[in-house]
Amino acid sequence: MRYPTVELFSGALFLVAWWSSIAGKPESEHGFSAPLVVVWALLSVLLALSLIDLRLRILPDELTIPTMIAGPIVVAILPELLQSTWSARELAPTIPNAHLRAGVVSLMGVAVGAGVVAAIRSLGTRYFSSSVEYQYSADPNDPGHLDGFLARQKPRRGKKEVGEWVEDGLVVLLRSGSEAMVVTDASTRLQRGDVIRVRVLREAMGFGDVKLQGAIGAFVGPEGSLMVLALASLAGAVIGSLNILRILALLQRRAAIRGRSSRTGLWKVARSAGGTIPFGPFLAGGAAVQLLARGRLVALLNEVLPR
């Protein structure tokens, strides 16, 4: 059932892309074109990345990096993909060659898209990270032993990689999907009862989102990349909030069935369980809107941005 649904959805996207490409054009220009084929190919890649991210919570480099590299090349060959953007119009007096100008605008889109998302990722990781103190015990059966401490973190996905004790300190790394834990600040060989500080790093988003947004920016330009990010952030906030409320309602229903009068902490559990959602599909959705409604969005930006 899943595969026919994906194929039908792909066909619908292709049909909408074709309709968008011929809107407002005379009937003699209602055929296929090279830019339309490029849009179809990009939509296919975005759909594949969305499905992979939803299922596996990864955005494979095998798709994001080649798309990001191919973007400026394709746009330079087909400058009509970005010739109507505000950036291309502003660069026209400086770079009269349309092909070179389109390539430069595409590279600007890569830089803006990847740069902004990388900055958000860095700031978000700093905000969501935290520090806790941990009392070391050399006895594996002791609740304070490091292995037991790490096991209690219960990583939901991914592989757990733990470093080794060293003479002059301790560095332990625990990875779980988009979460990483680094244990440091042990200046000497640890003894039972020694207290070390544990820095829990929780990434706001994976680096795959940075590369995906860079690939999207290559085809939509810098201002289009910002529009995609705004649409994705808005949709992600709405869907994430609804998911948290859904889980909270489910937890409250279960608590009522079990006769628990105290429901303290349910909101925290719901926020932790429902607040982590893959961002790739929202970026891909924003890019699809930008590609399919490019003319309308460009007209809107041209009205807002200075001339």
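Here are some short exercises on the predicted model above, each with a worked solution.

Residues are numbered from 1 along each chain as its sequence is written, and side-chain values use heavy atoms, with hydrogens and water left out. Because this is a predicted model, local features need pLDDT of at least 70 and side-chain atom pairs count only at pLDDT 80 or more, while totals for chains, interfaces and linings use all residues.

**Exercise 1. Confidence and overall make-up**

Task: Find where confidence is lowest and where it is highest in the protein.

Solution:
- Start with the average: pLDDT (the predictor's confidence in each residue, from 0 to 100) has a mean of 76 in the protein, and 65% of the residues score at least 70.
- Next, take the elements. There are ten helices and six strands, defined as DSSP runs numbered from the N terminus (helices H or I, at least four residues; strands E, at least two).
- Now compare them: strand β2 (residues 165-166) has the lowest confidence, with a mean of 32, and α3 has the highest, at 95.
- Finally, look at residues 150-190, where pLDDT stays under 50. The model has 84 contacts beyond four places in sequence for this stretch, a contact being heavy atoms within 4.5 Å.

**Exercise 2. The nonpolar cores**

Task: Work out which residues touch the most other members of the largest nonpolar core, and which element gives the most to this core.

Solution:
- Set the terms first. A nonpolar core is a set of buried Ala, Val, Leu, Ile, Met, Phe, Trp, Tyr and Cys residues joined through side-chain atoms within 4.5 Å. Buried means under 20% relative accessible area, exposed over 50%, and partly exposed in between (1.4 Å probe, protein chains only).
- The largest core has 42 residues, and Leu43, Leu46 and Ile216 touch the most other members.
- Two or more residues each come from α1 (2-22), α2 (34-56), α3 (61-77), α4 (86-91), α5 (98-128), α7 (207-257) and α9 (280-292).
- α7 gives the most, with ten residues.
- Zoom in on Ile216: leaving aside residues up to four places away in sequence, Ile216 touches Leu46, Val228, Leu283, Ala284 and Ala287.
- A second, separate core has seven residues, including Ile244, Ile247, Leu248 and Leu251.

**Exercise 3. A patch on the surface**

Task: Identify the residues of the nonpolar surface patch and place Trp267.

Solution:
- For patches, take residues with over 30% relative accessible area and no salt bridge; like charges are joined within 9 Å, and nonpolar side chains (Val, Leu, Ile, Met, Phe, Trp, Tyr) within 5 Å.
- The members are Leu234, Val238, Ile239, Leu242, Leu245 and Trp267, with about 600 Å² of accessible area together (Shrake-Rupley method, 1.4 Å probe; for residues, only the protein chains shown count as cover).
- α7 supplies the largest share, five residues.
- Trp267 sits in helix α8 (residues 266-274) and counts as partly exposed because its relative accessibility is 44%.

**Exercise 4. The salt bridge**

Task: Locate the salt bridge and decide whether each partner is buried or partly exposed.

Solution:
- Look for a side-chain nitrogen of Lys or Arg within 4 Å of a carboxyl oxygen of Asp or Glu; the whole structure has one such salt bridge.
- Lys211 and Asp61 form the pair, at 2.4 Å from N to O.
- Lys211 belongs to helix α7 and Asp61 to helix α3, 150 residues apart.
- Lys211 is buried because its relative accessibility is 15%, whereas Asp61, at 35%, is partly exposed.
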